[in-house]
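Let's take a friendly walk through this structure together. Have the sequence and the model side by side as you read.

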Amino acid sequence: MTGLIETIVKALVDHPEDVLVTQDSNNGSITYRLTVHPEDVGKVIGKQGRIAKAIRTVVYAAGHSKSEKITLEIM
């Protein structure tokens, strides 16, 4: 799942080397924290959060096929 998130986000940003995805598991849910270069935060979030919502939709769909509860936080 981390690879999926990194692949999607690295295609959007100007500084792909600064993309970092960390994973935290507790009580059956998995939280992924996405950190990008400060200049790229707007590109990942998008206008009115549309790109962030689209990324979350893809990640949630991938997690749903594995019956996992997944959250994605953009730092």
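Leaving aside neighbours within four places in sequence, T31 is in contact with T22, Q23, D24, T71 and E73. This is a predicted model, and T31 is a pleasant spot from which to start exploring it. You will find T31 in strand β2. Is T31 buried or exposed? With a relative accessibility of 11%, T31 counts as buried, because the cut-off for that word is anything under 20%. One of the contacts of T31 deserves a second look: the side chains of T31 and T71 are joined by a polar contact of 3.3 Å.

Now step back to take in the sheet. Three strands make up an open sheet, in the order β1-β2-β3, and their pairing is mixed. The strands at the edges are β1 and β3; each has a single partner strand, so one side of each is left without a neighbour in the sheet. From one strand to the next, the twist averages 20 degrees.

What does "mixed" pairing look like here? In general, strands of a sheet pair through backbone hydrogen bonds, and they may do so in a parallel or an antiparallel way. On one side of this sheet, β1 and β2 pair in the antiparallel sense, over 7 bridges. To see an example, look for Q23, whose bridge partner in β2 is Y32. β2 and β3, in contrast, run parallel and are joined by 6 bridges. Here S29 can serve as the example, with K69 as its bridge partner in β3.

Let's follow β3 a little further. In a regular strand, side chains alternate between the two faces of the sheet. β3 has a covered face made up of I70, L72 and I74, while its uncovered face holds K69, T71 and E73.

From the covered face, pick out L72, which lies in strand β3. L72 has a relative accessible area of 3%, so it is buried. Not counting residues up to four places away in sequence, L72 touches I5, Y32, L34, I55, R56 and Y60. Take L34 from that group: L72 and L34 are 38 residues apart along the chain, yet their C-alpha atoms are separated by 7.2 Å.

Next come the charged side chains. As a general point, side chains of opposite charge can pair when their charged atoms come close. How many salt bridges does a search of the whole structure find? The search finds 3.

One of them is formed by the side chains of D24 and R33, at 3.7 Å from N to O. D24 is partly exposed, with a relative accessible area of 31%, and R33 is partly exposed too, with a value of 26%. R33 also meets the side chain of E73 in a salt bridge, this one at 3.1 Å from N to O. The pair R33 and E73 links distant parts of the chain, since R33 is in strand β2 and E73 is in strand β3 (residues 69-74), 40 residues apart. Through shared partners, the salt bridges join D24, R33 and E73 into one network. As for E73, its relative accessibility is 31%, which means that it counts as partly exposed. You may remember D24 and E73 from the start of the walk, where both were among the contacts of T31.

There is another salt bridge to visit, between the side chains of K43 and D14, at 2.2 Å from N to O. This pair also links distant parts of the chain: K43 is in helix α2, D14 is in the loop between α1 (2-10) and β1 (20-26), and they are 29 residues apart. K43 is partly exposed, with a relative accessible area of 34%, whereas D14 counts as exposed, at 52%.

Our last stop is D40, in the loop between β2 (29-35) and α2 (41-45). Apart from neighbours within four places in sequence, D40 is in contact with V13, D14 and H15. D40 is buried, yet it has no salt bridge. Why does K43 not count as a salt-bridge partner for D40? K43 is the nearest side chain of opposite charge, but it is 4.4 Å away from D40, and a salt bridge has to be within 4 Å, so this pair does not qualify.

Note on methods:
Residues numbered from 1 in each chain as written. Predicted model: local features only at pLDDT ≥ 70, side-chain atom pairs only at ≥ 80, totals over all residues. Heavy atoms only, no water. Helix = DSSP H or I, 4+ residues; strand = E, 2+ residues; numbered from the N terminus. Buried < 20%, exposed > 50% of the residue type's maximum accessible area, 1.4 Å probe, protein only. Lys, Arg positive; Asp, Glu negative; His and termini not counted. Contact = heavy atoms within 4.5 Å. Pairing = 2+ DSSP bridges. Axes fitted to C-alpha atoms, helices over the stretch in contact; angles between N-to-C directions. Polar contact = N/O pair within 3.5 Å; in protein donor to acceptor, adjacent residues only side chain to side chain.
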